Every structure is written in structure tokens, then in C-alpha cells.
Amino acid sequence: MELKLAILGFGVVGREFVRLLRRKSEELAREYGLAWCVTGLATRRLGMACNPAGLDVEAALAAVAGGSRLDVFHHGPPLGDAFDFIANCGADVLFETTVLNPRTGQPAIDHVRAALVAGQHVVTANKGPLAFAYRELRDLARQQGRAFLFESTVMDGAPVFSLVRDALLAANVLGFRGILNSTTNFILTEMEAGASFDQAVRRAQAIGIAEADPALDVDGWDAATKTAILATVLMGADITPLQVDRTGIREVTPEAAQAARAAGRHIKLVCQAEWRDGRLIARVVPQELPASDLLAWVQGTSSLLSLRTDTLKQLTLVEHDPGPAQTAYGLLRDLLAIVRAGIWANATSGRIGLSSPI
Ligand SMILES: NC(=O)c1ccc[n+]([C@@H]2O[C@H](COP(=O)([O-])OP(=O)(O)OC[C@H]3O[C@@H](n4cnc5c(N)ncnc54)[C@H](OP(=O)(O)O)[C@@H]3O)[C@@H](O)[C@H]2O)c1
């Protein structure tokens with residue numbers, strides 16, 4: 001089978017994903033029977049291109065790296081916006097990798113909705129659609145017989161959602177604690193080692209993990225978004241980031257971080273959620289943790305999620321120093337989940353559908 005793929009948002013993650021597909025192309029064909037071609041690539045500033053026969057992705061990667069526009073690769077009617085792109089890309093699977101809007105999740109929610117309505121499976125690394133419209137999009141995907149997958153939205157490529165979906169069958173997630181934002185964990189680790197807050201932020205920017213305006217991370221918005229997603233998807237809650245009790249790390253001083261470390265403790269930005277008396281309590285807050293707490297040992301850009309379940313008690317996942325390549329791997333695993341689920345439907349219908357909902 002040849003799957004047609006379109007990537008809406010050809011930035012750091014979208015490009016890593018294409019590189020990973022190319023690197024694993026032979027293995028994907030041999031082990032999963034997957035042949036693929038990219039029929040659409042879209043950016044905001046460098047234009048978009050569709051070609052139903054498949055784009056030359058190597059040339060497209062080179063063009064974008066050199067700051068050249070993608071339009072020269074386009075075949076077909078002119079494209080006005082992302083919705084034109086979705087309608088014309090001819091993809092079986094659309095990857096939504098545009099930037100996060102932390103206040104509303106838009107326009108990515110509308111992108112995902114349009115792609116599902118057009119009969120495309122959707123894989124997203126963008127947290128917005130999950131944080132603000134998970135139930136609606138999940139239900140729409142089911143109605144359409146299409147997949148809506150999002151492994152890369154929390155802990156990059158680590159198998160969080162597929163772990164619960166595929167491995168923890170008949171287990172209920174009762175709560176979780178985690179360190180889910182790399183930038184703040186890096187800043188806290190640097191402050192423990194003697195850096196000022198501003199120095200630590202500049203170092204985070206220098207290694208490419210913090211934005212020019214680090215407020216989204218420092219004020220706890222990114223962590224609150226992930227907390228809301230985990231509570232909603234894994235615990236059956238229905239909350240947005242605005243309903244997470246959120247405190248960022250601006251009030252944590254280097255002196256406090258160093259004093260904690262001298263006492264064998266560590267200050268961490270902890271994400272947590274639990275059901276209490278039928279009410280979901282979801283929080284993001286800096287806490288001083290004893291060395292006996294696993295979360296205290298997560299250093300730098302690493303992350304951790306500890307799930308409390310009704311079958312396995314506590315199960316903890318640690319991801320060491322992830323980057324965009326790991327995020328790209330999350331997209332690839334979602335793609336392979338679709339391939340596996342779609343194999344039987346494909347054999348009978350010719351179009352890539354799902355034999356069972358994912
Ligand atoms: N970086 C990571 O490791 C990581 C980890 C987990 C999740 N994520 C999520 O993955 C997504 C992509 O991250 P990234 O690091 O690749 O970001 P990025 O480098 O900024 O790339 C975003 C891409 O989306 C394009 N874009 C933005 N808005 C668009 C629109 N309305 N229509 C068409 N294209 C649009 C951008 O075009 P222009 O450049 O022309 O504006 C760019 O090509 C984000 O939602 C991010 O939160 C990233």
C-alpha cells in the first residue's frame with residue numbers, strides 16, 4: 001500500500017519527520033508493508049505545495065533550509081490558505097504540526113476538523129486541538145471512521161497515550177504526577193547550579209528549547225496545557241488549560257533552588273491531577289521535593305510521568321533529553337498505528353480506512 005501524507009506546518013518537527021521517514025523508508029516497507037509519498041507541504045511564510053503524484057521531499061527540505069518558497073513545487077489550482085491546502089493535498093493522513101495557540105487552540109482545531117471531514121486521518125503534535133476540542137474531534141473521527149492521534153503532544157516521542165491505550169488494557173488512570181516542561185526544568189536545574197534566572201533563561205534560549213518570549217513555559221502555560229490533556233484523555237475529565245490551578249516558576253529564586261539542593265532536596269515544577277470526592281483537582285506548581293521522590297531526580301530537559309492506576313499501582317516513564325527527533329518519532333508511531341489498524345479495510349475497500357477504531 002502507498003500512503004499519501006501531507007504535512008501542515010513544515011517547521012522543525014515537520015522536517016525532522018520527513019527526514020525520519022526517509023531514513024526508515026526501507027525498514028517501513030519491509031517490516032510494515034508501508035510505502036509512502038508526501039503529497040502536500042505547508043508553511044505560513046514560505047508558501048505551500050501539493051502534488052498528487054508526490055513531492056520531491058529532498059528538494060523541498062533544501063528549499064526551506066535555504067529560505068526559498070515551496071510554491072515552485074506546486075501542481076494544481078492556486079492555494080489560498082490552509083483549508084485550500086487540506087482540500088487539495090489528496091492525503092490519506094494529514095500531520096498537523098503548526099504552532100500552538102495556548103489560549104484557544106486555533107486555527108489548528110479547524111485544520112483537524114476540516115481534514116477529518118475531508119476523510120483524512122489526522123496525526124497532530126500540536127497540543128491546541130487536544131487541550132480545547134478533544135472530545136469533539138475524537139467523536140468526529142469516530143463518525144468518519146478515521147484516526148485522530150496525538151502521541152507527540154506530551155513527552156515528545158515517549159509512548160504515553162499508546163501505553164495506556166494499547167498496553168494498559170482494563171486499567172483506569174486514577175491520577176498522575178509529572179515533570180512535563182523541559183524549559184522550566186532546565187532553568188531550575190541551572191539555578192540550582194548557581195545561574196541567575198535571566199542567565200538560565202538565556203541558556204535555555206541558546207540551546208533552542210525556550211522561545212524569545214519564554215512566558216509560555218515560565219508562567220506554566222505549557223505545563224498546564226499538558227496537564228489538561230492528560231486529565232482529559234487519560235482520566236475522563238473534560239478540562240482546558242484555563243481550569244488547571246497554575247503557578248509558574250517566576251517566584252523561585254536561585255537562592256531557594258541552591259538552598260534546597262544543599263539540603264538534599266530539589267525544587268521542581270510539578271504537574272499533577274487526581275479525582276478527589278468526584279472532583280478533578282489539576283495543578284501545576286513549584287514544589288520542594290525530597291530526594292526520595294523520583295521527580296526530584298529529573299534533570300535538565302528530561303521529563304517524567306508517573307501514572308497511578310487501579311491495576312498496576314504506580315507506573316513511571318522517564319524520557320531522557322528529548323528533542324525534535326523524538327517528537328518526529330511520536331508522529332511515525334501514530335502513522336504505524338494507522339497502518340496496522342487499516343490493513344484489513346484497505347484490502348477490501350482500496351481506500352485506507354480503519355478496521356477498528358484506534
Ligand atoms: N519542537 C518540539 O520538539 C515539539 C515537541 C512537542 C510538540 N511540539 C509541537 O509541534 C508543533 C510544531 O513545532 P515546531 O517546533 O516544528 O514549530 P515551528 O518550527 O515553529 O514550525 C511550525 C510550522 O508551522 C507553520 N505554520 C504555523 N502556522 C501556520 C498556519 N496557520 N498555516 C500553515 N502553516 C503554519 C510554520 O510556518 P512559518 O515558519 O512560515 O511560520 C512552520 O512551518 C507545535 O505545535 C509544537 O508545540 C513541538
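**Ligand site and sheet architecture**

In the predicted model, an oxygen atom of the ligand is 2.8 Å from a polar backbone atom of V13. Backbone atoms of two further residues also approach ligand oxygens. For R45, a backbone N or O atom is placed 2.6 Å from an oxygen atom of the ligand, and for G11 the corresponding distance from a backbone N or O atom to a ligand oxygen is 3.3 Å. On its own the ligand has 900 Å² of accessible area, and 80% of this is covered by the protein. The largest pocket is the space that the ligand takes. Two elements, helix 1 (12-23) and helix 13 (324-349), give two or more residues to the shell around the ligand.

The ligand is surrounded by 20 residues, of which V12, V13, R45, T98 and T327 come nearest. V13, already noted for its polar backbone atom 2.8 Å from a ligand oxygen, thus belongs to this nearest group, as does R45, whose backbone contact has a distance of 2.6 Å. Sorted by class, the shell consists of 8 nonpolar, 8 polar and 4 charged residues.

Two open sheets are described next. In one of them, 6 strands follow the order 3-2-1-4-5-6, and the pairing is mixed. Strand 3 (48-50) and strand 6 (148-149) are the edge strands of this sheet, each pairing on one side only. Within the sheet, strand 4 (residues 93-96) runs parallel to strand 5 (residues 121-124), and the two are joined by 4 bridges. L94 is placed opposite V122 of strand 5.

The other open sheet also has 6 strands with mixed pairing, here in the order 8-10-9-7-11-12. Its edges are formed by strand 8 (245-246) and strand 12 (313-319); each has a single partner strand, so one side of each is left without a neighbour in the sheet. Strand 12 is paired with strand 11 (residues 303-309) in the antiparallel sense, over 7 bridges. In this pair, L307 stands opposite L315 of strand 12.

Strand 9 (residues 265-276) takes part in two of the pairings considered here. With strand 7 (residues 173-179) the pairing is antiparallel and comprises 4 bridges; C271 in strand 9 is the bridge partner of G178. With strand 10 (residues 279-290), strand 9 is again antiparallel, and 12 bridges join the two. W275 has L280 of strand 10 as its bridge partner. Strand 9 and strand 10 form a hairpin with 2 residues between the strands, in which D277 adopts a positive phi near 50°. In a regular strand, side chains alternate between the two faces of the sheet.

Two loops contain notable backbone geometry. The peptide bond leading from Q106 to P107 is cis, with omega near 5°. P107 is located in the loop between strand 4 and helix 5 (108-117). Strand 4 is the strand that pairs in the parallel sense with strand 5. In the second loop, between helix 7 (161-167) and strand 7, lies A170. A170 is a residue other than glycine with a positive phi, near 60°. Strand 7, which borders this loop, is the antiparallel partner of strand 9 described above.

Key: Residues numbered from 1 in each chain as written. Predicted model: local features only at pLDDT ≥ 70, side-chain atom pairs only at ≥ 80, totals over all residues. Heavy atoms only, no water. Near = heavy atom within 4 Å. Polar contact = N/O pair within 3.5 Å; in protein donor to acceptor, adjacent residues only side chain to side chain. Areas by Shrake-Rupley, 256 points an atom, 1.4 Å probe, with all protein chains shown as cover. 1 Å grid on protein atoms, 1.4 Å probe; cavity = no way out; pocket = protein on both sides within 12 Å on 5 of 7 lines; lining within 4 Å. Sits in = over half its atoms within 2 Å of the grid points. Nonpolar A, V, L, I, M, F, W, Y, C, P; charged D, E, K, R; others polar. Pairing = 2+ DSSP bridges.
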